[in-house]
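Thanks, everyone. I have one structure to go through today, and I will start with a single residue before moving outward.

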Amino acid sequence: MEEGIEESLVEANTSYDNLSEYSEIEVSASDYTQGVLDGWVFNDHVWTEENPDLIHTVTNSVYTAPVQGQILRDGFSSPSPLASTITVDFDRDSVSYSGHTVNWNADYFASGTHSGSRIPSYSWNHHVANYYFNTMYPDINPPRGKLKSWYITDASVRLNSVDITNVRVVPHYEYRANDRLVAERRTDDGYLSGEDHTFDWGVRYDIYYNIRTTWKIDYDYTYTYSWHTVNHNADGTTSIETHSVTESASKFETVSKIDFESLLHYETESENLTVVYHQRPPTGTYSGISTYTDPIEREYRNTTLYTAGAERFDPCCSDAADKYRAAYVDLRAIESTYWAYPDGNYLSKRGVVCNIPSWLHRVMAEEVLEMLDAIERDNPTFNYSLLESPGQDPTDLQVKTAEKLIRDLKSSRETYVKKKQHLTSAGKIYTSSDSARYIARNEAYNRLLKDIEQKNKKLDSSLNSYILDALEEKGLSTGAFDSVTSGPMTLFDNPAMERAASALGQEMGIISTMTVTGQPESKYNWTENLTVIVDQKPNYLYHDLDFDLRGEYEWADSMGGKTIYPLGVRNTCIFTANVSEEIADAISSSGEYVKTETSRQISRSISTLNSEVNLLEQNLSKQGVSLDTARLDADVHNLKLVYAREMRLQIIEEVTGEVSSNPVVSGWVKKDRVRAVTAGYLNSLSDEELIEKSTTDQLAAELAAIIKIELRNSNPPVGSDELEAVLNRVDTDVRMGVANGICAVTVSKGKTLDILFGKIDGELKNLADETVDKYSGEIADSITKRLDRTMAAVPCGLPVMPPHWIFTVNVWTYEVMGEYEVFTVIDNDNEVIPKPYFGHKGQKHVRTDEAVVHNDVYIGENAPIMFEFDGYSATIVGPGPKGVGDKMGKSTEESVGYNYLLSIFGGNK
């Protein structure tokens with residue numbers, strides 16, 4: 001068998017080593033590093049506009065420092081009276097009287113001191129003139145009659161006492177600003193720990209007091225009283241006579257008076273206010289794929305260090321309080337609303353984004369790039385062989401191999417991430433910049449592991465459905481596949497042979513051994529073992545002369561010299577062409593990583609085919625072989641022309657769109673200018689140059705270099721280090737634009753490309769037929785092998801993606817049919833049919849083409865056993881449009897005698 005396989009491989013212009021190499025699938029770290037860069041690290045579509053890449057996102061978080069302010073202020077004391085006096089100037093001449101009332105006035109001079117809100121004491125004085133009156137009520141009791149009237153005839157007033165009482169001071173405040181910074185305190189490492197201010201208040205003091213006095217009033221008064229008498233006249237009548245008398249008297253009264261007085265005065269007073277800025281570590285935290293809370297030794301402290309090849313300055317968030325003050329400390333509000341910001345009050349704790357060193361973004365970007373370059377150079381790789389793993393689901397193999405790679409990379413994390421270089425002897429990270437640099441590298445490394453896991457794990461359960469969906473899109477019913485298995489259908493654990501092996505038993509209802517049991521309630525109950533012997537003609541697969549009388553099914557086996565009786569077999573290769581359309585369908589739901597990888601594969605397939613055709617024609621010329629390749633040349637030329645022309649159109653639009661959507665550089669150069677620069681470069685290349693450069697990153701790299709020159713010349717408003725950091729995103733924008741443009745070609749021109757591939761394939765097969773007709777011997781063998789190699793460059797198969805181009809697969813359906821002339825089942829030891837002398841009588845069950853006659857009576861026909869079954873076979877190789885499939889010969893192949901057997905089965909399939 002091994003010799004036969006080797007001969008077959010030689011005939012196919014390959015070897016077992018080549019076949020083994022072709023069936024080996026590698027899972028390499030380098031397959032994922034570019035996807036980490038373009039799909040994540042520098043892809044501004046997956047970050048925010050403010051922080052458009054991993055580098056800026058990390059520094060924005062690491063250089064966010066928590067700070068909390070506290071207010072210390074003098075506040076206001078409650079003013080109160082300290083001393084108060086009053087003097088009176090009473091003019092006796094001011095006394096007057098009228099009727100019952102005495103009037104007088106007095107002048108007072110009040111003075112005193114009171115404490116201020118911010119000042120220990122203020123003096124005050126107040127002059128007031130008060131006017132008094134008092135109605136007198138003398139108790140007059142005339143000796144007879146009744147009082148008719150009275151009035152004051154003289155009066156004098158004397159002050160007995162005077163006091164000032166109930167002195168109160170009520171302040172009213174008006175904020176007058178006039179803030180002065182008295183002192184600003186910083187630590188030795190530059191952190192603003194506090195600041196002292198003084199500012200002014202306008203204070204109105206309302207002073208209230210009472211003047212309490214007692215007075216003695218002496219007064220003279222005159223009063224009149226009257227009475228009546230009855231006179232008896234001589235004539236016997238009476239008359240009433242009125243008598244009145246006026247007299248004088250004097251009296252005195254003591255009266256008290258309370259006067260309510262007030263005054264006010266305005267003062268300007270200053271209040272002292274201190275804002276303390278408390279550090280609230282930790283700084284340097286970040287939450288991404290991992291969460292980082294490593295303590296930073298130099299947080300909140302200016303630091304000069306030697307790193308990344310130079311002496312550099314890192315503020316380490318020492319400016320956090322300055323940022324906090326600028327953003328959250330409103331001195332006017334704090335000073336004026338003293339009730340809202342009393343002494344000792346804490347302001348809200350806030351995280352503030354501090355100044356990021358101008359050199360840091362560039363260094364971080366370069367270190368991430370260097371780390372991924374190191375991984376690409378070392379290229380940790382694990383592989384598995386499809387050839388050495390028959391019957392195993394390749395997705396399982398892919399996942400297990402990816403897990404090995406992930407474990408290896410996890411164990412090598414320090415080798416690439418190099419965290420230890422940033423640690424102090426105490427195990428702390430030294431500076432904020434050290435933290436940011438470590439986090440960026442570690443996050444990129446995390447993303448690499450995550451991509452490897454996710455982009456392989458997704459295949460674990462979807463490969464069958466992926467291929468079945470593609471088969472159904474071809475119009476092929478997958479019901480036939482389901483019919484060969486009673487369990488879940490898997491393309492890579494084909495149960496068709498097991499089904500075929502049991503087909504005979506299912507057809508006849510007979511198996512190799514069985515147990516026969518009578519009815520338990522019957523007196524004829526028994527149990528026996530039945531053993532059968534099977535004989536059949538023809539004895540597949542070897543030729544049976546008694547059956548094949550006309551020699552229709554002979555098939556010579558060159559290895560053993562035997563003649564084989566073949567089954568009727570037809571196989572069909574499903575994915576023989578239209579690979580461009582298959583790719584276009586796949587990438588429609590793919591990310592940038594897949595598109596970058598796929599774009600190079602597409603270009604590589606055309607470039608390789610072009611090279612193989614050139615080598616073919618050189619080989620023919622060298623051997624002096626005359627074959628007409630004009631049509632082949634025209635088809636290849638048209639393929640390159642269509643592909644390159646559409647590439648130019650699509651790449652120009654995609655690159656322009658990517659660069660113009662960049663949130664930073666889009667403002668530095670106009671969109672039309674980007675389009676013009678891109679078009680100028682692409683149009684400077686020939687079709688072959690354009691295709692060849694697009695097989696690697698050369699096309700994107702050269703175009704990015706030209707666009708970056710344009711951006712540098714635009715005088716961007718950033719420093720040189722920040723500019724270089726930003727331009728890393730431009731590299732990604734251009735790579736994405738080129739990849740998207742090439743993939744767009746497969747969408748817009750996929751059918752055209754597949755037609756041209758088909759024409760080239762057909763023309764190569766025509767040349768192969770022409771070679772057979774015109775040449776023989778070594779020349780014919782040499783030309784055929786060269787043509788086979790060229791035809792192998794024509795894309796074929798079904799790409800399996802996304803999450804990325806893992807495999808290229810193909811599926812063959814096959815239909816098998818056959819017929820037994822005679823099939824006999826013999827039971828030599830049937831226990832239920834006894835036979836004298838021999839123990840038991842055997843019996844036979846025969847299936848053959850003959851009439852069934854018993855006692856000369858025709859009963860019916862005995863039909864031979866015919867069988868057929870359908871199945872499928874899947875083949876899988878690594879990524880690339882070259883793929884796998886029936887590239888030599890037709891996509892549908894039939895064995896000798898297939899059509900004859902098909903006619904017996906009654907129709908076409």
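Aspartate 731 has contacts with Ala704 and Lys708, once its neighbours within four places in sequence are left aside. Bear in mind that this is a predicted model. The residue belongs to helix α20, which covers residues 720-774. Is aspartate 731 buried or exposed? Its relative accessibility is 16%, and the cut-off for buried is under 20%, so aspartate 731 counts as buried.

Next, a residue in a loop. Proline 380 is found between α7, residues 360-378, and β15, residues 381-385. Its relative accessibility is 12%, so proline 380 is buried as well. What does proline 380 touch, not counting residues up to four places away in sequence? On the lower-numbered side there are Val27, Ser28, Ala29 and Ile375. The list is completed by Leu405, Asp408, Leu409 and Tyr416. For valine 27, I also have a C-alpha distance: 8.6 Å to proline 380, with the two positions 353 residues apart along the chain.

Now a helix pair. Helix α4, residues 54-62, packs with helix α10, residues 432-457. The axes are 9 Å apart, and the angle is about 140°. How are the two helices oriented to each other? Angles over 145 degrees would count as roughly antiparallel, and about 140° falls short of that cut-off, so α4 and α10 are classed as oblique. Their crossing is right-handed.

As for the residues involved, α4 contributes Leu54, Ile55, Val58, Thr59 and Val62. From α10 come Ser432, Ser435, Ala436, Ile439, Ala440, Glu443 and Ala444. By type, this contact has 8 nonpolar residues, 3 polar and 1 charged.

Finally, the chain as a whole. How many helices and strands does the protein chain have? The count is 22 helices and 31 strands. The chain has 909 residues, and 46% of them count as buried. The accessible surface is about 45100 Å², with 48% of that belonging to carbon and sulfur atoms. On contact order along the sequence, take the contacts with a separation of 6 or more: 77% of these are between residues 24 or more positions apart. The pair of proline 380 and Val27 is one such contact, with 353 residues of separation.

That is what I have on this one.

Note on methods
Residues numbered from 1 in each chain as written. Predicted model: local features only at pLDDT ≥ 70, side-chain atom pairs only at ≥ 80, totals over all residues. Heavy atoms only, no water. Helix = DSSP H or I, 4+ residues; strand = E, 2+ residues; numbered from the N terminus. Buried < 20%, exposed > 50% of the residue type's maximum accessible area, 1.4 Å probe, protein only. Contact = heavy atoms within 4.5 Å. Areas by Shrake-Rupley, 256 points an atom, 1.4 Å probe, with all protein chains shown as cover. Axes fitted to C-alpha atoms, helices over the stretch in contact; angles between N-to-C directions. Parallel < 35°, antiparallel > 145°, perpendicular 65-115°, else oblique. Left-handed = near helix turned anticlockwise from the far one by under 90°. Nonpolar A, V, L, I, M, F, W, Y, C, P; charged D, E, K, R; others polar.
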